[in-house]
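Q: Please take a close look at one part of this predicted model. I would like the central sheet region described strand by strand, then set against the rest of the chain.

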Amino acid sequence: MALSRSLPELAHVISSCTNRIYDAYDDEGIPQPSFDAGADHFSGPFTPAVETSRVKLLEALDELRALIVGPAGHVFFLSFLIPAHTATLHTLYKFEIAKHVPLDGPISYADLASRCGLSESSTQRRVRAAISLRIFSETPAGLVQHNAASLALGTTTLHDWLGMATEELAPAALKIAESTEKHPACDDPAKSSFSIANDGGGEKDLFAIVSKQPHRMERFAKAMAWSMKVPGMEPRYTVDNLGWGNNNCPKVIVDVGGGMGDLCKAMLDTYPNIETAIVEDLPEVAAQGEKAVSPEHKGRLQFQPYSFFTEQVVKNADVYVWRCVLHDWPDSYAETILRNQIPALKPGARLIFNERCLSAPKPRDHVQEQFARACDTHMQSCANAKERTYDDWVSLFAKVDSRFKLQSVTTPLHSALSIIEVVWMEEAQQSESLDAHSQAPIGKATIDEGSIAPSSSGDSKDYLMVPDESGYETSSNGSEMSYAPEKAIALNGSTSKPDSGCREVRIVDSPTRVGRRQWLFDDESD
Ligand SMILES: C[S@@+](CC[C@H](N)C(=O)[O-])C[C@H]1O[C@@H](n2cnc3c(N)ncnc32)[C@H](O)[C@@H]1O
């Protein structure tokens, strides 16, 4: 496959995907994407068809831009623009510029400057830099007014996210080369670039540093909660793909390192038969979460201070959920954290890790990879931690205790995070193949149909999908791994094969690795 597509090929993808998105908005009666004040913060609707087009479109736009700027120009602009953008965004945060722009009309630079405590000239320079980034707009008379992006900054916890990105992530990122040089093993959170940037000597980890300063801890918790709104990160990808129905959902769940409890709230809303959800976190965060429990969750949602560097305090829960927690810790710490759970686990207890499962670079996946690799970079700079590959996860659980049985790894379509489900077994497990893909005996996958929960969406059909001889194959758009539809085994007893109407399938990779994945079959040629 050629490294890059031709300009007409890219233009075709851009045009057809854009039209498909436009039509989908029209069909749903939803306003078209806009940056006008009052527009949706994230352009919806996020139906699977729109999401597929969005992913293809963003990839094609990124590729086209790189081609047009040229290889050297591409590197130049990356390195030149990023520090300047960071400076502008940090100024917006530090002086709360978006919060000082009135919601109901424009303001002069002089008035805005006096509200922010800045000079008029500095205000104008930073705001005009922001306008070039599509944040704020200027009226013909030279007054500043909100657009949808600045309004989100001025009125939501996107502001806290901006603070965390510019005051925590950015300074730490600049120290990553230094910390890698000083501590090549990159395995001690207290010697991370974040520690070097914060206490100079590298003696404390991120959470030890931040938890001593309530405003930073509060900002961190709010920023993490806000990040759940980012497309690909929303709880619905997880909540809808657990294989639970309201009648077979767990009764007691614990969300370890659960922050403000947003994942638990989504689970409680989706599954009324969950009796209790307990969110565990550091005392400062648990106190924040407790304060924000709404009346509809009172009685079912609890917050509990707990450090996972001590023995798990909630015993015998049905499910322990971990969303974006172990990626904050290098392997030796993650092992300790997991070991601390063992005394609390009853046989059959489930641990659900909602985390990334990194893969090797794929040819048409740069935009999604930029997001995943940025997360991995931040994990390293913040804590000498990492996003893990499938093999990393397998070896982590195996190292801690062979009674942790990796049950399934599911990556819902367009979700940035995978659902990694582990069951605590009464007896030690035989170690299983680490490379289930390449060693999968073709056509011999076995699974008890009853163990797959019926799909939650009414119009879907369930299939077992078995990879063909080459294991995964690359689909026509080159960016997705796919299975050969002709190898599908219908679960509902029908002999029909998945077709363009198939919206959701359940996939079996091999007898040793069973996964459920959402899969969209579309017959679009691009
Ligand atoms: C990356 S955040 C993820 C939060 C939440 N699960 C989410 O997905 O938004 C990691 C969480 O781990 C919590 N944490 C850090 N150290 C902890 C510890 N020793 N014990 C319990 N929670 C801890 C942090 O306060 C934070 O809420």
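**Strand 7 and its sheet**

A: Start with strand 7, residues 350-355. Five of its six residues are buried, so strand 7 is largely enclosed by the rest of the structure. The cut-off behind that statement is 20 or more other C-beta atoms within 10 Å of a residue's own.

Next comes its pairing. Strand 6, residues 319-323, runs parallel to strand 7, and five bridges join the two. One bridge can be named: W322 has F353 of strand 7 as its partner. Strands of a sheet pair through backbone hydrogen bonds, in either a parallel or an antiparallel sense.

Now widen the view. Strand 7 belongs to an open sheet of seven strands. Their order is 5-4-3-6-7-11-10. The pairing across the sheet is mixed. Strand 5 (301-305) and strand 10 (404-410) are the edges. Each has a single partner strand, so one side of each is left without a neighbour in the sheet. From one strand to the next, the twist averages 20 degrees.

Go to the edge formed by strand 5. Its pairing with strand 4, residues 276-281, is parallel and covers five bridges. Here I278 stands opposite Q302 of strand 5. A helix packs on the sheet at this place: helix 15, residues 283-291, touches both strand 4 and strand 5. The direction of helix 15 makes about 160 degrees with that of strand 5. As for side chains, in a regular strand they alternate between the two faces of the sheet.

The ligand is the next stop. It is surrounded by 18 residues. The closest are M224, G257, G259, S307 and R323. R323 also falls within the range of strand 6, residues 319-323. By type, the shell holds eleven nonpolar, four polar and three charged residues.

For a contrast, turn to helix 3, which spans residues 71-94 and includes L89. Y93 lies in helix 3 too. L89 has 21 C-beta neighbours inside 10 Å, so L89 counts as buried. Y93 is buried as well, with 21 C-beta neighbours inside 10 Å.

What do these two residues touch? Leaving out residues up to four places away in sequence, L89 touches L162 and T166. On the same basis, Y93 touches H159, L162, G163 and T166. L162 and T166 thus appear in both lists. Other pairs bring sequence-distant positions together. L89 and R126 are 37 residues apart along the chain, and their C-alpha atoms are separated by 8.6 Å. Y93 and L153 are 60 residues apart in sequence, with 8.7 Å between their C-alpha atoms.

Step back to the whole protein. Its secondary structure comes to 19 helices and 17 strands. Of its 526 residues, 39% are buried. Among contacts with a separation of 6 or more, 68% link residues 24 or more positions apart.

Finally, consider confidence. The average pLDDT is 83, and 81% of the residues score at least 70. Residues 432-526 are a weak stretch, with pLDDT below 50. In the model this stretch still has 156 contacts beyond near neighbours in sequence. Where pLDDT is low, the predicted coordinates should not be read in detail.

Definitions and conventions
Residues numbered from 1 in each chain as written. Predicted model: local features only at pLDDT ≥ 70, side-chain atom pairs only at ≥ 80, totals over all residues. Near = placed C-beta within 6 Å. Nonpolar A, V, L, I, M, F, W, Y, C, P; charged D, E, K, R; others polar. Pairing = 2+ DSSP bridges. Helix = DSSP H or I, 4+ residues; strand = E, 2+ residues; numbered from the N terminus. Axes fitted to C-alpha atoms, helices over the stretch in contact; angles between N-to-C directions. Contact = placed C-beta atoms within 7 Å. pLDDT = per-residue confidence, 0-100. Buried ≥ 20, exposed ≤ 12 C-beta atoms within 10 Å, placed from the backbone.
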